[in-house]
Amino acid sequence: MRFSELVKASWHALIANPKRSFLTTIGIIIGIASVVTIMSLGAGVKKQMLRDLDTTQTGQQTAEIYYNSRDMFLNEPGFDNRDVTMLMDANLKGVAKVEILQQTKKIGMTAIINDSQQAMTADLVNKPVKQPIVAGQNLTTYDFEVKNPVMLMSDKLATKMYTTAANAVGTSVTVQQTTYTVIGVYHNKAADARLPKPLYLNSSTGKQGNGIKLTFKPGAQVSVGAKQALHQLKKSGSHHRDGRYEYIDMGKLLKGISKSISGITYFVAAIAGISLFIAGIGVMNMMYISVSERTQEIGVRLALGATPKNIMMQFLLEAIILTVSGGVIGLVIGTSVAAVASMAMPFRAIVTPASVALAFGVSTAVGIVFGLLPAKQAANKNLIDILR
Amino acid sequence: MINLKNINKSYSQGGNQFHVLHDINLAIDAGEYVSIIGQSGSGKSTLINIIGFLDDQFEGEYQFNDTQIQTLKRAELTPFRNASVGFIFQNFKLIRTMSVSDNIALPLLYAGEKRRQVQARIDEQLTRVGLPDVGDKLPTALSGGQQQRVSIARALVANPSFLIADEPTGALDSRTSAEIMQLFKELNDQGTTIILVTHDPNVAAATKRTVEILDGRIIADSEVSS
Ligand SMILES: Nc1ncnc2c1ncn2[C@@H]1O[C@H](COP(=O)(O)OP(=O)(O)OP(=O)(O)O)[C@@H](O)[C@H]1O
Ligand SMILES: [Mg+2]
C-alpha cells in the first residue's frame, strides 16, 4: 500500500475516536509546551545579554541614568551642562566621558509666552514639514539654512494665549534665552509648537535631556562608576529637588534572570521528561487497546492483501500522528505562554529553530518508542486465528 | 485452475498433533460454482482457507494454474492472494469506521493503487451487487443482506480468479439468503468462479457441484441435478 494511503488510514482511525485520541495527547502537549516555554525564554534572555555584551566587546561600556520629574506638568529636561561639569569634576571611578542624551523629537520645555511662563511641548524638525497652516506661513528651507529663530505655534496654544490664531502670528516665544518669532500657526494636537532642530540643539544654553550617558574606560566596572554618579546627582544634581534619578543595571538584571531561567530549565526539563514518559505509556496503552479492539479489522486487512509490514506501519503511524499532533499543539501553547510571560520581563522570548526541532523530534520519538510494541503485536497476529 | 493433491493438515495443540484433513484430492476449474458441505468440525473452513491461500501450513501439493503454492514464501503469497481471491465472510467483516466505498477500496489500495483513482471501479461493483447509492454510508447503516452485498462487491473489485465464501448466508434470514444466492448465480453466469461452504441444503442445492466432507475426508463429489 502507498505510504500516503497508510497515513490516511491511520488518521482516519484516530479521528474515529476523537475524545480518546485527544485525551491521550494531553500529556505530550503539557510536556512539549513546558519545554518550549522555558527554551524560548532562555533564548530571549541570552540574545538580550549578547546585545549588551556587544558594546563591551568594542570597548565602549556605557551606562545610562534617567531623570523622572516629580511634577507631571513641569516637563523641563532633568540634565543640563551643570550636571555634566559636576560629574566630570567628581572624578567618578572608570568614567571617561559624560554626555547628555539629547531629546531629539518631541520634548517638553518651559517657555515665556505673552510675558508668562508656560509649560509647552515642541516637535523638533530638520526641514519644513507640509502642514495645514491656519494663519501666517510655514517654515521654509531658507529659515533652516540661515538659522532664523522662527517657529510655528499650534492652533490650540495660539487660541489659548491670544484668543485667535491670527493674533499669535508675529509674537515671540522665549525658550532658554533664545527668542523665536512665531511666523505661523498650524493645526496640530500632539505638540504645542514646532521648532527648527539644529537651532534648538545648538542654542547657547547647551544641551539638555532627561538621560545622561556615562562612557567608561575599557575594563572599568560599570556598576561602581554608575552608582557613584547616581549618588552625586542625588546630592547635587541640577534638578535633584524636582525629581528622581534612576540607574537600571541591565547587565546585572539580565544575568540574574538568565541564572534563574537556567535553574528552572533543569527543573522544567525533568518535569517535562516525566510528563512525556507517562504520556508515552498512555499512548502505548491506548495503542494496545486499539489493537485488541481492532483484531477483526487487522484480520480483514491481512486477508485482503495487507502485509504484516503494512499493518505495523499503520499502527505505528497512528501513534506517531497522535504524538506529533500533541507536539504541534504543545509548540503553539508553549510559544504563546512564553510570549505572554516575556511581557513582564525586560526581553522578548524567541522561538528558536531548536525548540521547533525539539517539539517535532521528541514527539516523533515518543510515538515511535511507545508505538512500536503495540504495532508489532498487531502485525504478528495470526490470520487464521482471527478469521475463525 | 485449482488442483489439490494429497493435502494433509494437522493443527498442533499443546504438543499434540490434531489431524484435520486427510489426503484431500480436489480439482476445480475456472467458471465452476462449488459448494462444500459437511458436519460442524469436519474441516470445511480448514480446507477453504488452504484453497484461498490464507493458510500455507499444509502437506501435499497445491497447484494453482501454473504455480506450486507450497513452494511460495509467505511474503510472496500475500500479493498472490490479493490478486487471485475474493473473500466473503459469514459475518461480512466490513470495517465499521470506514465508509462502504473505502471498505471496497481496500484490496485495490493493498495492490498499490491510489484511492482517488479507484472510485469508478467501486461504483461499478456496487451497481453490480444492486446497491448503487450506498457508497458514502457507513456499513452499520445497512441491513445484514446489504452488508453482505457490500462484502461481495469488495471481493469482486480486484477482479480475482475466484471467490471464496465461508457460510455467506449463515447470518441471514432465509429470504435474504435466497437473494444473495440469486446474486451468486448471476455472478457465476457472468463467468465468476465461486467456492462456498454451507450447512444449508437449500444453499448447496443452488450451486452446480457439491463436495461433501466428513471427518476431514471427501466422501462425495457430485454435480447438482437441476
Ligand atoms: N487454529 C486451530 N487450532 C486448533 N484446532 C483447530 C483450529 N482450527 C480448527 N481447528 C479444529 O479443526 C477441526 C476442523 O475445524 P474447521 O473450522 O475446519 O471446521 P468446519 O467444518 O469449518 O466447522 P463449522 O461448520 O463449525 O465451521 C475442528 O475440530 C476444530 O476444532
Ligand atoms: Mg467453518
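Student: What makes the pairing of ligand 1 with Thr46(B) a polar contact?

Tutor: A polar contact is a pair of N or O atoms within 3.5 Å (within protein, one must be able to donate a hydrogen and the other to accept it, and residues adjacent in sequence count only if both atoms are side-chain atoms). An oxygen atom of ligand 1 is 2.5 Å from an N or O atom in the side chain of Thr46(B), so the pair meets the definition. This is a predicted model, in which local features need pLDDT of at least 70 and side-chain atom pairs count only at pLDDT 80 or more, while totals for chains, interfaces and linings use all residues. Residues are numbered from 1 along each chain as its sequence is written, chains are lettered from A and ligands numbered from 1 in the order in which they are written, and side-chain values use heavy atoms, with hydrogens and water left out.

Student: Which distances does ligand 1 have to Ser40(B) and to Gly43(B)?

Tutor: An oxygen atom of ligand 1 lies 2.5 Å from an N or O atom in the side chain of Ser40(B). For Gly43(B) the partner is a polar backbone atom, 3.0 Å from an oxygen of the ligand. The protein buries 76% of the 630 Å² that ligand 1 exposes when taken alone (Shrake-Rupley method, 1.4 Å probe).

Student: How many residues are around ligand 1, and what part does helix 1 of chain B play?

Tutor: There are 15 residues around ligand 1 (a heavy atom within 4 Å). Helix 1 of chain B gives the largest share of this shell, 3 residues. Helices are DSSP runs of H or I with at least four residues, and strands are runs of E with at least two, numbered from the N terminus.

Student: How do you know how much area is buried between chain B and chain A?

Tutor: Buried area is the accessible area (1.4 Å probe) that two parts lose on being put together, summed over both. For chain B and chain A that is about 2,100 Å², with 64% from carbon and sulfur atoms. Between these chains, 8 residue pairs are in polar contact, both at pLDDT 80 or more. Helix 2 (74-84) and helix 3 (100-110) of chain B each supply at least two residues of the side that touches chain A.

Student: What makes Lys8(A) and Glu5(A) a salt bridge?

Tutor: A salt bridge is a side-chain nitrogen of Lys or Arg within 4 Å of a carboxyl oxygen of Asp or Glu. The N to O distance for Lys8(A) and Glu5(A) is 3.5 Å, so the pair qualifies. They are separated by about one helical turn because they are 3 residues apart in helix 1 (residues 3-15) of chain A.

Student: How many salt bridges does the rule find across the interface of chain B and chain A?

Tutor: The rule finds 0 there, while the structure holds 17 over all chains.
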